[in-house]
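Work through the exercises below with the sequence and the 3D structure at hand. Each task is followed by a solution in steps.

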Amino acid sequence: MAHPFEIEAVFKAPSQKVWKAITDKDEMKNWYFNLADFKPEPGFEFRFKGGKDPDHQYTHVCKIIEVSAGKKLAYSWTYEGYQGYTIVTLDISEEGVNTRLKLTHEGLETFPDNVPDFARENFAQGWNYIIGTSLKEYLEK
């Protein structure tokens with residue numbers, strides 16, 4: 001049984017600022033991906049292109065599954081034209097003046113084994129950079 005990928009980070013920022021950073025498309029483009037549109041509402045679908053190789057980008061297709069304003073955001077994460085269904089969950093909790101964000105990415109084992117870009121270690125590398133470096137720098141600048 002595969003285990004989900006998890007990463008936690010504590011930011012020197014209030015929880016409202018962290019929530020806005022993960023749910024406002026104008027803020028998300030500064031640390032995540034530049035999304036055409038984003039609404040933290042169940043059923044809302046968003047798409048974006050991304051990948052390590054600029055010449056070979058994957059179309060990510062995501063749909064919001066669960067929202068608890070200021071606390072939790074969960075969405076499906078699939079790739080157009082590929083098998084696999086995963087879920088990304090972002091949980092926010094206050095720790096005094098700081099905010100803890102826990103990201104869980106479940107179902108990575110459902111992606112095709114024969115696509116090296118979908119290897120677990122690539123997701124680990126990507127999320128570690130996105131949460132641990134990009135979002136941290138954005139929130140604490």
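Contact here means heavy atoms within 4.5 Å. The model is predicted, so local features need pLDDT of at least 70 and side-chain atom pairs count only at pLDDT 80 or more, while totals for chains, interfaces and linings use all residues. Residues are numbered from 1 along each chain as its sequence is written, and side-chain values use heavy atoms, with hydrogens and water left out.

**Exercise 1. Place H105 and list its surroundings.**

Step 1. Find the element. H105 belongs to strand β6, which covers residues 98-106. Helices (H or I, at least four residues) and strands (E, at least two) are DSSP runs, numbered from the N terminus.

Step 2. Is H105 buried or exposed? Buried means under 20% relative accessible area, exposed over 50%, and partly exposed in between (1.4 Å probe, protein chains only). H105 has a relative accessible area of 0%, so H105 is buried.

Step 3. List the contacts. Neighbours within four places in sequence aside, H105 is in contact with P4, F5, W77, T86, I87, V88, F123 and W127. With V88 the C-alpha to C-alpha distance is 4.5 Å, although 17 residues separate the two in sequence.

Step 4. Look for a polar contact. This is a pair of N or O atoms within 3.5 Å; within protein, one must be able to donate a hydrogen and the other to accept it, and residues adjacent in sequence count only if both atoms are side-chain atoms. The side chains of H105 and T86 make such a contact at 2.8 Å.

**Exercise 2. Compare the entries for T59 and H60.**

Step 1. T59 lies in strand β3, residues 58-68, and H60 lies in strand β3 as well.

Step 2. Why does T59 count as buried? Because its relative accessibility is 13%. For H60 the value is 4%, so H60 counts as buried too.

Step 3. The side chain of T59 has a polar contact of 2.8 Å with the side chain of K49. The side chain of H60 instead reaches a backbone oxygen, that of Y58, at 3.0 Å.

Step 4. Residues up to four places away in sequence are not counted here. T59 then touches R47, F48, K49, T78, Y79 and E80. H60 touches F46, R47, F48, K49, G50, W77, T78 and Y79.

**Exercise 3. Describe the largest nonpolar core.**

Step 1. Fix the term. A nonpolar core is a set of buried Ala, Val, Leu, Ile, Met, Phe, Trp, Tyr and Cys residues joined through side-chain atoms within 4.5 Å. In soluble globular proteins, nonpolar side chains tend to be buried together.

Step 2. The largest core has 41 residues, and W31, Y75, W77, W127 and I131 touch the most other members. Elements giving two or more residues to this core include β1 (5-11), α1 (15-23) and β4 (72-79).

Step 3. Which element gives the most to this core? It is α3, with eight residues.

**Exercise 4. Follow Y32 and Y75 to the largest cavity.**

Step 1. Y32 is in the loop between α2 (25-28) and β2. Its relative accessibility is 11%, so Y32 counts as buried.

Step 2. A polar contact of 2.8 Å links the side chains of Y32 and Y75. Beyond four places in sequence, Y32 is also in contact with F48, W77, W127 and I130.

Step 3. On a 1 Å grid over the protein atoms alone, a cavity is a set of points where a 1.4 Å probe fits but cannot get out; a pocket is an open set with protein on both sides within 12 Å along at least five of seven lines; lining residues have an atom within 4 Å of a point. Grid points are joined across faces, edges and corners, and a volume is the space filled by probe spheres set on the points.

Step 4. There is one cavity of 30 Å³ or more, and the largest cavity has a volume of about 50 Å³. Its lining is I22, M28, W31, Y32, Y75, V88, L90, L103 and W127.

**Exercise 5. Describe the largest pocket.**

Step 1. The volume of the largest pocket is about 400 Å³. Among its 17 lining residues, G51, K52, Y79, N122 and G126 are the closest to its centre.

Step 2. To this lining α3 gives the most, with seven residues.
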